[in-house]
Number of protein chains: 2
Amino acid sequence: MSTPLIEFWFEFASNYSYLSVMRIEQEAARHGVSVQWRPFLLGPIFQSFGWSTSPFVLQPWKTEYVWRDMARQCRKYGLAWQVPSTFPRATVLPARVALLGSGQPWMADFCRQVMQLNFASDRDISSAACVSEALTGLRLPADQILAEAQAEPNKLRLRAQTELARTKGIFGAPTFFVGEEMFWGNDRLDDALAYAAASKPSS
Amino acid sequence: MSTPLIEFWFEFASNYSYLSVMRIEQEAARHGVSVQWRPFLLGPIFQSFGWSTSPFVLQPWKTEYVWRDMARQCRKYGLAWQVPSTFPRATVLPARVALLGSGQPWMADFCRQVMQLNFASDRDISSAACVSEALTGLRLPADQILAEAQAEPNKLRLRAQTELARTKGIFGAPTFFVGEEMFWGNDRLDDALAYAAASKPSS
């Protein structure tokens, strides 16, 4: 028996991705749905729109609200929260590691750890020291994984994954796909899971 | 005994405002919360950001998704839905009438009627004929209300209401206020009502 699938496209710099990374495994299990983790980079997608950075920065009238909303959402979900002192953070390194980890048993733990470092502990997740700490905390061979993550084939894979996100019509994160059906934002995670659970499983 | 209040800022051209207009009275009643209807115009606020129209139009990569999302949301809430052939529609006239109607017993019915004309029947809600039809359908004196709505004092009131929205930090619609606490988007209506219900009623 195959279970229904949800594709979970996320970016470590994205605060609303933080909410979904922290709760998707538990919510998906409740719906009997499997999660395919799809890390990607939003930067090149925003650049394709002519944006130099996050719309939360480019639209300063929205920034204060977003942080207030995040504080409330994190309280609702029981998550720690701190406005990051750098936003959005560079995430190429953790994204490369996560791409290596996709499908590995440590993937979800690693992603939750990186997200908490960024949005609960205000740590610089772009640094090798920080990513290494996250890996070591999971008893993984950090040096070996970092070397493999930074090798040319994996760099190219992340570029291809981001390009795939763009061609699928992704314009923000988190984004969920159930088959061809796209759902944007943590606010749609529950709808997406319900849709997946009601769909015929792909065999 | 005073009941807790929610301020409901909405714009007839806004598709996500449609969702909230259709369901707020029922949801608020469930929470024991009273609704203060606050019609305003998004156009001048978008202009203050340097935008000539809705971001759903200015960001064409998002348009198709928004209509897909609306179709799903309307199905979820049991609402009729049709992509409007003109978007966003000019809404000065229905907003002026709604401003007159704020606090009147016919306010909620009128707003639901205008929203359905726009988003379920694809009618031109900027026209006097259409607004008149909505009023007449509610057995209201359409000619008299339209004349009062178009009189100078009411025009100035709508301008002041829109300016108040801007100074309150509103950047989109629907937006809810419970005291100083701002909630943006139909996706936050339930959180806002729960927050209102848990707050001390203003006396």
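This short presentation covers the interface between chains A and B, one helix of chain A, and a few individual residues.

Good morning, colleagues. The model before you is a predicted one, and I shall begin with the interface.

On chain A, 20 residues are in contact with 20 residues of chain B. Between them the two chains bury about 2100 Å², of which 50% is on carbon and sulfur atoms. Which residues of chain A lose the most area to chain B? They are Trp61(A), Tyr65(A) and Arg188(A), which together account for 31% of what that side buries.

Let me turn to the polar side of this interface. The two chains are linked by 10 salt bridges. One of the salt bridges joins Lys76(A) to Asp191(B), with the closest N and O atoms 2.9 Å apart. Counting polar contacts, with both residues at pLDDT 80 or more, there are 16 residue pairs between chain A and chain B. As for secondary structure, helix H4 (60-77) and strand S4 (181-184) of chain A each supply at least two residues of the side that touches chain B. The largest share comes from H4(A), with eight residues. By residue class, that side of chain A divides into nine nonpolar, two polar and nine charged residues.

I move now to the interior of chain A, and to helix H6. This helix runs over residues 107-119, 13 residues in total. From its first C-alpha to its last, H6(A) reaches 18 Å, close to the 18 Å expected at 1.5 Å a residue. Its buried residues are Met107(A), Ala108(A), Phe110(A), Cys111(A), Val114(A), Met115(A), Leu117(A), Asn118(A) and Phe119(A). What covers them? The cover includes strands S1 (5-10) and S2 (34-39), together with helices H1 (15-31), H5 (92-101) and H7 (128-137), of chain A.

From helix H1 of chain A, I would single out Asn15(A). Is Asn15(A) buried or exposed? Its relative accessible area is 1%, and therefore Asn15(A) is classed as buried. Leaving aside residues up to four places away in sequence, Asn15(A) touches Phe56(A), Val66(A), Trp67(A), Met70(A), Trp81(A), Phe87(A) and Phe119(A). Phe119(A), in this list of contacts, is also among the buried residues of H6(A).

Phe87(A), another contact of Asn15(A), brings me to the backbone. Phe87(A) and Pro88(A) are joined by a cis peptide bond, with omega about -10°. Pro88(A) is placed in the loop between H4 and H5 of chain A. In chain B, the peptide bond from Ala173(B) to Pro174(B) is cis, with omega near 0°. Pro174(B) sits in the loop between helix H9 (152-167) and strand S3 (175-178) of chain B.

Two further backbone features concern phi. Asp122(A), although not a glycine, has a positive phi of about 50°, and lies in the loop between H6 and H7 of chain A. Asp122(B) likewise has a positive phi of about 50° without being a glycine; its place is in the loop between helix H6 (107-119) and helix H7 (128-137) of chain B.

My last residue is Leu138(A), in the loop between H7 and helix H8 (142-150) of chain A. With a relative accessible area of 26%, Leu138(A) is partly exposed, because values from 20% to 50% fall in that class. Leu138(A) touches Trp106(A), Asp109(A) and Phe110(A), again leaving aside residues up to four places away in sequence. Of these contacts, Phe110(A) is one of the buried residues of H6(A). Thank you for your attention.

Terms used
Residues numbered from 1 in each chain as written. Chains lettered and ligands numbered in written order. Predicted model: local features only at pLDDT ≥ 70, side-chain atom pairs only at ≥ 80, totals over all residues. Heavy atoms only, no water. Contact = heavy atoms within 4.5 Å. Buried area = accessible area lost by both parts, 1.4 Å probe. Salt bridge = Lys/Arg side-chain N within 4 Å of Asp/Glu carboxyl O. Polar contact = N/O pair within 3.5 Å; in protein donor to acceptor, adjacent residues only side chain to side chain. Helix = DSSP H or I, 4+ residues; strand = E, 2+ residues; numbered from the N terminus. Nonpolar A, V, L, I, M, F, W, Y, C, P; charged D, E, K, R; others polar. Expected span 1.5 Å × (residues − 1). Buried < 20%, exposed > 50% of the residue type's maximum accessible area, 1.4 Å probe, protein only.
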